[in-house]
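The exercises below are meant for a reader who is meeting this structure for the first time. Please look through the sequence and the model before trying each task, and then compare your reasoning with the solution.

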Amino acid sequence: MNRIIVKYSICFVALVYGLALLTLGNLQAQTVPATDTLDEKITGSIFLKVKAYPDKLVLRWGIDNAAVWLVANDVGIGIDRIVLDEQNKPLQKQWTKINTRPIKHEDEDLFRQRVLADTGNNALLIAAEALFGNPSIAAPSIADQESMENASMEFENKYTLAMMAADMDTVSANALGMRYTDHLAVNGTYKYAYRVYIDSPLPSVFEVDTAFYLLPGSMKDEVLSPRNVKAVGKDRAVHILIPNDGLHNTFTSYNVERSEDGAQFTRLNQIPIVFNRLVDAKDFIYIDSVDNYTKYYYRVNGIDAFADTSYYAPVVSALAQQQTAPPRGYLMARIEQGKFAHLSWTQETDADRPIAGFIVRKGAQMDQLDDYLTEELLPASQREYTDQNTDLVKGVYYQVLAVDTAGNYAGTNVQYVFAYDSIPPLPPTGLQGFVDSTGVVTVRWHVDYLDNIQGYRVFMANQKSGSYSPITADFVRDSVFIDTLDRSVLNKEVYYRVVAIDGNSNHSDFSDILTVARPKMVQTPAPVIENYKVSDGTVSFRWVLPPGDDSKAVEVLRRVALDSLWSTLATLPLETLSYTDSTVEASRNYEYAVRVRDNQNKVSEISFPLQVFVYASAQNAPGTLTVKMENEKPVLSWTAPADMEVDYYIIYKAEGNGLVQYDSVTGSAHTYTDVAAGKKYGLKAVFKNQTVSALLVSP
């Protein structure tokens with residue numbers, strides 16, 4: 001809380017600096033503990049503009065912080081100048097101060113005299129109120145944060161009005177100490193540089209930037225006016241758009257004038273129009289409320305920060321008019337003499353929305369009314385039209401468009417006109433069908449452009465010779481239809497036929513039958529492995545298949561235990577219910593599974609995996625292990641296994657507790673000499689594929 005009090009203490013010090021003569025230290029002593037430090041700064045910047053006239057240069061400035069502005073009013077503003085020649089070389093060795101004393105606002109008595117002398121100067125009244133008006137909260141308590149905020153906001157508003165008054169009126173700008181005139185003959189080849197700053201040092205809590213401005217003397221003849229002004233007609237209003245470009249249209253305020261003849265203009269605004277230039281908008285918009293369908297002319301000028309009024313921007317014009325479509329009429333049609341289409345329609349009228357005329361259009365399809373019957377608008381008073389150039393046997397769609405003077409239009413209802421015809425259209429041809437794995441069927445057919453086809457109806461059956469039922473509640477206006485198959489129906493095929501309907505509701509015969517194979521949408525159950533046998537170097541097992549008349553083959557799968565990928569060992573006919581795998585390796589774990597593949601090449605779920613371990617085959621064991629004593633040491637000898645390459649041998653030895661692993665020798669060895677005799681010896685071969693032979697035991 002102390003930090004918040006410090007912040008508002010700073011603002012309040014600035015606000016009462018010149019009025020109450022309170023010191024920052026005294027204020028802190030009342031509100032902040034001695035251990036707290038005032039580490040926040042009041043920062044501000046001076047913004048400067050300079051304008052050249054033939055015999056003078058005028059400076060206008062402002063400060064972007066109300067508290068800094070109040071303190072600056074107490075100490076004043078200083079101005080320095082330096083002039084550069086046509087070579088950009090300074091004519092003086094250093095900056096020259098051009099004001100003999102600090103520039104401050106005028107005192108209250110002088111302000112009062114000026115106001116009384118010019119009571120119609122509203123800008124001067126605003127400036128006087130900002131400087132000397134009594135605040136609504138005369139002495140806000142520092143301990144009351146809300147009153148501090150309200151007092152600060154009130155002063156911010158007065159400060160903003162003072163800045164605006166200085167922009168609007170030269171007398172107010174001079175009285176507020178925000179304008180200075182440097183009287184000298186302006187050389188068009190020179191450049192004039194100025195800097196504006198606070199004239200005396202401020203307390204350390206303030207940080208204020210110095211403003212700099214460089215102006216070429218050639219700009220003394222510059223002619224300015226608002227640029228790229230536009231007028232846009234709306235409904236009962238005209239929008240005047242002034243681009244917010246930040247470059248050319250930087251005037252403080254604007255005046256907008258209007259004329260009905262483009263010669264005699266009347267100003268629309270009693271006071272200059274001020275736009276917020278800080279808003280991120282493409283255009284400043286002034287809205288003029290006017291009557292529709294009357295052309296108005298507009299011209300705009302601007303007032304700059306020096307209270308100078310610019311030239312007018314080029315005159316622009318606009319017409320306010322209805323922005324919405326006129327009311328829809330109602331179209332009726334009848335056939336005359338059996339071959340002409342007579343159209344009549346109704347149309348509401350409104351003086352505020354005048355109708356310019358009507359357009360009659362027709363087409364062979366309701367959504368293709370692209371044949372316009374008149375090159376120009378029919379008169380606004382016309383309500384009938386006869387089309388004598390048409391073929392009503394094929395049927396024609398008509399619509400009338402009402403167009404108002406603003407170019408808005410609305411169409412009547414569409415009327416279908418046809419001569420009675422009892423001849424049915426031809427059956428649709430070219431039927432094609434496509435079905436995806438989810439059972440969505442797309443049926444297509446050719447369009448008969450030679451007849452007045454109004455639509456189609458699609459029929460479906462689950463039996464080719466059965467009864468076909470309509471599956472479309474309304475006409476199909478397109479030549480494509482999407483159907484979704486019923487998952488509960490198990491038929492292998494579904495059948496479609498299409499009927500064409502003309503404008504006289506004559507139905508064609510059925511089209512040829514379209515046969516679509518029904519996709520299998522339910523996966524075949526998994527087979528079941530019922531028994532198995534692991535023998536010398538082989539694995540055999542049998543299985544039971546699930547019922548199903550669409551299966552075509554059985555696939556036997558195998559993988560090494562803990563592996564994630566299955567490999568297909570064999571694809572067998574459905575009649576085969578067993579399999580023997582003779583490609584296994586000894587001392588390895590395998591998993592087997594079986595699945596079924598159907599006629600649509602889809603597979604069933606795999607059976608529950610069968611896990612087996614293949615033991616070492618006695619046929620792979622080393623041959624004829626013998627033990628002989630030589631030089632009082634036992635010597636073991638054996639023959640190598642046939643057809644398999646040995647990596648190494650494991651020697652087993654029994655010394656009273658059975659055979660235990662004792663030693664190992666390389667795969668090329670055929671003998672082994674022990675240091676002491678055992679009761680019995682054993683031998684295993686470990687092959688290059690890391691399988692192990694059966695144990696060979698000595699006699």
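Five exercises with worked solutions follow, and they all refer to a predicted model.

**Exercise 1.** Determine whether helix 3 is mostly covered or mostly open, and describe what is found at its start and just after it.

Solution. Begin with the extent of the element: helix 3 covers residues 66–75, and nine of its ten residues are buried, which makes the helix mostly covered. Among the buried residues are Trp69, Leu70, Val71 and Asn73. Next, turn to the start of helix 3, where a side-chain oxygen of Asn65 comes to within 2.8 Å of the backbone nitrogen of Ala67. Finally, go just past the other end of helix 3, where Gly76 adopts a positive phi of about 95 degrees.

**Exercise 2.** Work out why strand 18 can be called largely enclosed, and find which strands it is joined to.

Solution. First consider burial: strand 18 spans residues 355–363, and seven of its nine residues are buried, so the strand is largely enclosed by the rest of the structure. Then look for its partners, one of which is strand 21 (residues 396–404), joined to strand 18 by eight bridges in an antiparallel arrangement. Within this pairing, Ile355 stands opposite Asp404. Another partner is strand 19 (residues 371–372), which also runs antiparallel to strand 18 and is joined to it by two bridges. Here Lys362 is the residue that stands opposite Asp371.

**Exercise 3.** Give the strand order of the open sheet that contains strands 40 and 41, and identify its edge strands.

Solution. Write down the order, which is 41-40-43-44 for this open sheet of four strands with antiparallel pairing. The edge strands are strand 41 (659–666) and strand 44 (696–697), since each of them pairs on one side only. To see how strand 44 is held, note that two bridges join it to strand 43 (residues 680–687), the two running antiparallel. The bridge partner of Gly682 is Val697 in strand 44.

**Exercise 4.** Classify the ring pair formed by Tyr416 and Phe418, and then locate an aromatic cluster and the charged ends that sit over rings.

Solution. A search of the whole structure yields 19 aromatic pairs. In the pair of Tyr416 and Phe418, the ring centres are 5.1 Å apart and the planes meet at 35 degrees, so the pair is tilted. The accessibility of each partner can be added: Tyr416 is buried, with a relative accessible area of 18%, whereas Phe418, with a relative accessible area of 26%, is partly exposed. Elsewhere, one aromatic cluster is formed by Phe541, Trp543, Tyr579, Tyr590 and Tyr592. As for charges, the charged end of Lys56 sits over the ring of Tyr53, 5.1 Å from its centre, and that of Arg497 sits over the ring of Tyr468, 5.5 Å from the ring centre.

**Exercise 5.** Describe the surroundings of Thr438, beginning with where it is found.

Solution. Start with its place in the chain, which is the loop between strand 24 (432–435) and strand 25 (440–444). Thr438 has a relative accessible area of 42% and is therefore partly exposed. Its side chain makes a polar contact of 2.8 Å with the side chain of Asp436. If neighbours within four places in sequence are left aside, Thr438 is in contact with Arg487 and Met521. As a last step, compare sequence with space: Thr438 and Thr524 are 86 residues apart in sequence and 16 Å apart in space, C-alpha to C-alpha.

Key. Residues are numbered from 1 along each chain as its sequence is written. This is a predicted model: local features need pLDDT of at least 70, side-chain atom pairs count only at pLDDT 80 or more; totals for chains, interfaces and linings use all residues. Side-chain values use heavy atoms; hydrogens and water are left out. Buried means under 20% relative accessible area, exposed over 50%, partly exposed in between (1.4 Å probe, protein chains only). Two strands pair if DSSP finds at least two bridges between them. Rings of Phe, Tyr and Trp (its six-membered ring) pair if their centres lie within 6.5 Å; planes under 30 degrees apart count as stacked, over 60 as edge-to-face and the rest as tilted. A charge sits over a ring if NZ of Lys or CZ of Arg is within 6 Å of the ring centre and within 35 degrees of the ring normal. Contact means heavy atoms within 4.5 Å. A polar contact is a pair of N or O atoms within 3.5 Å; within protein, one must be able to donate a hydrogen and the other to accept it, and residues adjacent in sequence count only if both atoms are side-chain atoms.
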